[in-house]
Amino acid sequence: MGLMDKVKDKAKEVDTKLGNSIDKSKLDSQIRDEERAIEKAMAEIGQKVVDAIEAGKTAAEADVQALYDKIKAAKDKIEELKKLKEEIDSKV
């Protein structure tokens, strides 16, 4: 293998590592977005419970199922994104 082949191989390796780093950064950003969505939904659940109690209802009567479903979906998405990151790490 000549010097130019070694240089080309090293350049490909650097390009792959850079690409993986960018992909991981995008995944981290998406994970943070999902975590913020969870925090927002949790705050909304809290507000609905307070509103229900103030209206003379019980906390159980607060309609929070749709918000819980959003939280569950976001948690599932986070797990999926973390698995993608692990796949990238295993390739390096």
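Is Arg-36 buried, partly exposed or exposed? Arg-36 counts as partly exposed, at 47% relative accessibility. I shall return to this residue when I come to the charged pairs. Good morning, colleagues. Please keep in mind throughout that we are looking at a predicted model.

Let me begin with the overall layout. The protein chain holds two helices and zero strands. Of its 92 residues, 15% are buried. The accessible surface of the chain comes to about 7100 Å², and carbon and sulfur atoms account for 54% of that area. Turning to contacts with a separation of 6 or more, 67% of them join residues that lie 24 or more positions apart.

Next, the second helix. Helix α2 has 27 residues, and at 1.5 Å a residue these should span 39 Å. The end C-alpha atoms of α2 are 40 Å apart, which agrees with that expectation.

I now turn to the interior. The largest nonpolar core has eleven residues. Among them are Leu-27, Ile-31, Ile-38, Ala-41 and Ile-45, together with Leu-67, Ile-71, Ala-74, Ile-78, Leu-81 and Ile-88. Two elements, α1 (3-54) and α2 (65-91), each give two or more residues to this core. The most comes from α2, with six residues. The buried residues of α2 are Leu-67, Ile-71, Ala-74, Ile-78, Leu-81 and Ile-88.

Two of these core residues deserve a closer look. Ile-78 is found in helix α2. Is Ile-78 buried or exposed? Its relative accessibility is 7%, so Ile-78 counts as buried, the cut-off being under 20%. Leaving aside neighbours within four places in sequence, Ile-78 is in contact with Ile-31, Glu-34, Glu-35 and Ile-38. For one of these partners we also have a backbone distance: the C-alpha atoms of Ile-78 and Ile-31 are separated by 5.5 Å, although the two residues are 47 residues apart along the chain.

The second is Leu-81. With neighbours within four places in sequence again left aside, the contacts of Leu-81 are Leu-27, Gln-30, Ile-31 and Glu-34. Ile-31 and Glu-34 thus appear in the contact list of Ile-78 and also in that of Leu-81.

One contact of Ile-78 is a charged residue, Glu-35. Glu-35 has its place in helix α1 and counts as partly exposed, at 36% relative accessibility. From Glu-35 to Ile-71 the distance is 9.0 Å, C-alpha to C-alpha, with their positions 36 residues apart in sequence.

That brings me to the charged pairs. Side chains of opposite charge can pair when their charged atoms come close. How many salt bridges does the structure hold? There are five, and I shall discuss some of them.

The side chains of Lys-24 and Asp-89 meet in a salt bridge, at 2.7 Å from N to O. Lys-24 lies in helix α1 and Asp-89 in helix α2, so this pair ties together parts that are 65 residues apart in sequence. Both partners are partly exposed: Lys-24 has 27% relative accessibility, and Asp-89 has a relative accessible area of 39%.

Lys-24 also has a place in a further comparison of distances. Glu-86, which is in helix α2, lies 62 residues from Lys-24 in sequence and 9.3 Å from it in space, C-alpha to C-alpha. At 55% relative accessibility, Glu-86 counts as exposed, because the limit for that class is over 50%.

Within helix α1, Asp-33 forms a salt bridge with Arg-36, and their closest N and O atoms are 2.5 Å apart. Asp-33 and Arg-36 are three residues apart in the helix, so about one helical turn separates them. Asp-33 is partly exposed, with a relative accessible area of 40%, and Arg-36, as I said at the outset, is partly exposed at 47%.

Helix α2 offers a pair of its own. Lys-77 forms a salt bridge with Glu-80, with the closest N and O atoms 3.9 Å apart. Here too the partners are three residues apart, and so are separated by about one helical turn. Lys-77 is partly exposed, its relative accessible area being 32%, and Glu-80 is partly exposed at 44% relative accessibility.

To close, the picture is of a predicted model with two helices and zero strands. Its largest nonpolar core draws two or more residues from each of α1 and α2, and the salt bridge of Lys-24 with Asp-89 ties the two helices together as well. Thank you for your attention.

Terms used: Residues are numbered from 1 along each chain as its sequence is written. This is a predicted model: local features need pLDDT of at least 70, side-chain atom pairs count only at pLDDT 80 or more; totals for chains, interfaces and linings use all residues. Side-chain values use heavy atoms; hydrogens and water are left out. A nonpolar core is a set of buried Ala, Val, Leu, Ile, Met, Phe, Trp, Tyr and Cys residues joined through side-chain atoms within 4.5 Å. Buried means under 20% relative accessible area, exposed over 50%, partly exposed in between (1.4 Å probe, protein chains only). Helices (H or I, at least four residues) and strands (E, at least two) are DSSP runs, numbered from the N terminus. Contact means heavy atoms within 4.5 Å. A salt bridge is a side-chain nitrogen of Lys or Arg within 4 Å of a carboxyl oxygen of Asp or Glu. Accessible areas come from the Shrake-Rupley method with a 1.4 Å probe; for residues, only the protein chains shown count as cover. The expected span of a helix is 1.5 Å times one less than its number of residues.
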